[in-house]
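Work through the exercises below with the sequence and the coordinates at hand. Each task is followed by a solution that proceeds in steps.

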Amino acid sequence: MATAMGGHQSKIVDRIVAGRSIVVLCAPPGFGKSRLAHEAARRISTGSALSLCEFGQIEHRADPCAVANALLAQPKQVAIIEDVHLADRDFMRLALERISVQNCGKRIIMTMNEPNDFPLARITSRHSIDILDANALRQRARVTTDILKSVPRRAMRSRLRGLVGDWPIASELLSAWAASSQDRCESWSDFDIVRESRLGEFIDQEVITLFSEAELSALVHASLLDVPDLDILESVSGRQNDGRILADLAFRFKGLVDRHENRIDLQGALRIWLRDAVQVFDEQTRVEMLVSMADQCSTNGRLAEAATLARMAGDSRRIRDYAHAHGALRIWIVHGFSVLKELLENSSPEDIGDSIVLQMIECIVHMKVGRINVAQELFESLAEKVESGHRLIKDLEIVRLTLLVYGCSFQRTGDLELVKSLIAEEADDAAMRSFFATLSAILNSQRARFDAAVANLNDARAQARKVSSQYNLMFLLMHEASINLAQGKLKNARTCLSEARSRWQRDFADDVGVETVVAALSASIEFEAGRLTSARNSLRKSAHRMPEAEAWFDIYFAAYETMIRINIVDHGIGAMHEAVEDEARKLRAQGLPRVADLLMAIRLCVCGEARLQGQRAIISEMAWEIPAVGPTSSWQEQEVFSIARAYADFFDGKADKAQALLDQSIEWSASCGLERSRLRFLLVASAMATAQGDTHRAHTTLRCAISIGAATGMRQIFREIAGSSLTPALKALRKDAALDDLELGFVELLLNRLGDRQSVASGKLSARELEVLRLLGSGGSDKHLARHLNLSEHGVRFHLKNIFKKLGVHDRLSAVAAADKLELIN
């Protein structure tokens, strides 16, 4: 913390030292002016002939002319002048003008709380002086972030960042409080934090005293709004003077009160203290003002603030009125999910029970935070209340479609036509049309209608740009990445995701739901490309958060298939079974049976692969049957259910039936442009043909798969499905004269990667490394291994590093799992 703060301050001190003869630090209390002035003066005077003189309250109160006399009398000095408003300002101004004209080598550093403390205009216009205001002294965001890194809980770091802003004293006091606090303070209010950190005491003693009664009243009035707007402030309770006062304060106390066009920004902690600790209105006046401001905010579309103000006024029924006036879906689509949460959290249980609109908001909130089972129950309850002809029937249908996207089993054959009609109805409303077009894009994509999905995305993007919805534009990039992934366009998918990630990091870094989605898609893309380390790292930020975090059907599939395959690589197939069963139970409990079925089918697919490769693939008994594929099934369901069914038929002695199903699936995926699925169908068909000894079919299907792999860059799935049988098949394929240079290069790439792994099994691990591996399987620390092997711990780590490299793994557990799979330590 000290290093980050010291580095920032050091740069400011450097500016003062290198500055003109007169430097003025003008900023409100808490910007470290005195500390900076003294450090700069110390540096200037060290090793020079200049003496150091300090003038403050004591000197000014003893003789208001003392500083001016001293400046004129002493030719060689570095003078620090604080509390300049207590000096004889006219006499001092004249002295400064003479010194500036004489250019006599003096260095003067003045500190002021506001421009009115000392008349600078005349001196500035006639002479060269440096003025460093709050903009120069503000604490940079990077410094704040570095200081708050020591706070262990992310949510608390975010709250403290909002209270600190760029005020150095707030950073100093709040970070010190956070470091010393032993309690879990998530339930504390912001006011409690400001008070307990003693920042409130600083505000009372050093800041509040600078304001007049009228100024304090205007500031308290403004503090009631999250973002004070001069139009709203001046329209409430006839307080037309507040706008002028606040504009004046924004000039005088820049850094604590800032103005951006017609908006006033109050420093975070100062606003909290003004709102909750400073009483300038009687209770009745305060309530009337809160209600009036709430109504104004609702009229202006600032519904989150309207809800907060209505609750503060003790009039929560107004929130119900605001919700009814705007509508649940429009609030969500136009104003955002956070506004829905604010409306709901500020409403009383009685108001929610009396309002269908608030209940619909509650359903959407539960859905967005991953409580799908609760959302589904609320939806079914609403469906009983909202009968045909009700004004909210369309809104309810849209909620159903959204739940469908998130993984609930609410499919209907006319869903796509319904969304199409909604888009047509909202042709002139950009925000609503963008939402419906996005919904249509997801549904079209899930049903492998990619041309229609892309057209929907383009429409949604155009409408989102009209309303400047950066959040929607970010999510549209993720949907586009998902479509590209299904079509095998890994490069395009990675480009879309990279831009989405940049937007998230720049504008929505605290949104964990977005991080979950980005990580899930990244895991799938990196896995397809054979970058297992990157895929594994991404999974750590996605799969473990599901289903509690926000995700829709496509994202569950992207994360879970990768999770299962990485789990097998790292821990073996037995551990994978347990993980899948636990996750499936969790998904069903969350109201996501479709996703649970998808997970179970993926497990059957990888077990079929393992069994064809001669590995053990034990599945514990579970009452689950492969669901039938229907007209509303997603392409993900069609892919994994068809492959799972083909394996079931094959091992049941119905090989012809299995191959016929795969042929049908290959034709279907080709017609849809589903290169990802077609590649999997072809590889399964080739592996089955190899197992049957049908070399012609095995060669033909693998040849088609190579063509897709070379064009798309999807290579990991070759090793996953075909396993050890792939090497001889690829060597035979080398001789195929029909292969072009790209395809031949892809074959060589696969052989090289397979050779790296299979060379381990053919004796590339040394006898000592095999011995380390065997002991590793029984557990134990580096010290334990060193004792048994009569090695140093450094020697053990050296052998482990070589083992990890040769096995292509990154940790001890993964090394044991890989060795077991390759039968190296049996």
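The exercises go from the whole chain to single residues and then to ring pairs.

This is a predicted model, in which local features need pLDDT of at least 70, side-chain atom pairs count only at pLDDT 80 or more, and totals for chains, interfaces and linings use all residues. Residues are numbered from 1 along each chain as its sequence is written, and side-chain values use heavy atoms, with hydrogens and water left out.

**Exercise 1.** Describe the overall make-up of the protein.

Solution. Begin with secondary structure, taken as DSSP runs numbered from the N terminus (helices are H or I with at least four residues, strands E with at least two): the protein has 46 helices and seven strands. Next, the C-alpha trace spans about 105 × 80 × 50 Å along its principal axes. Finally, of the 826 residues, 55% are buried, where buried means under 20% relative accessible area, exposed over 50% and partly exposed in between, with a 1.4 Å probe and protein chains only.

**Exercise 2.** Locate Asp83 and Ser468, and characterise their backbone and accessibility.

Solution. Asp83 lies in the loop between strand E3 (77-81) and helix H5 (89-102), and its phi is near 50 degrees, a positive value in a residue other than glycine. With a relative accessible area of 26%, Asp83 is partly exposed. Ser468, in the loop between helix H28 (450-466) and helix H29 (470-486), has a positive phi near 55 degrees, and its relative accessibility of 55% makes it count as exposed.

**Exercise 3.** Classify the ring pair of Phe211 and Phe253, and then that of Phe718 and Phe746.

Solution. Rings of Phe, Tyr and Trp (its six-membered ring) pair if their centres lie within 6.5 Å, and planes under 30 degrees apart count as stacked, over 60 as edge-to-face and the rest as tilted. The structure holds 14 aromatic pairs. For Phe211 and Phe253 the centres are 5.1 Å apart and the planes stand at 75 degrees, so the pair is edge-to-face. This pair links distant parts of the chain, 42 residues apart, with Phe211 in the loop between helices H12 (199-207) and H13 (213-223) and Phe253 in the loop between helix H15 (241-252) and strand E6 (257-260). Both residues are buried.

Phe718 and Phe746 are also edge-to-face, at 5.4 Å centre to centre and 65 degrees between the planes. Phe718 belongs to helix H40 and Phe746 to helix H42, 28 residues apart. Phe718 is buried at 0% relative accessibility, and Phe746 is buried at 7%.
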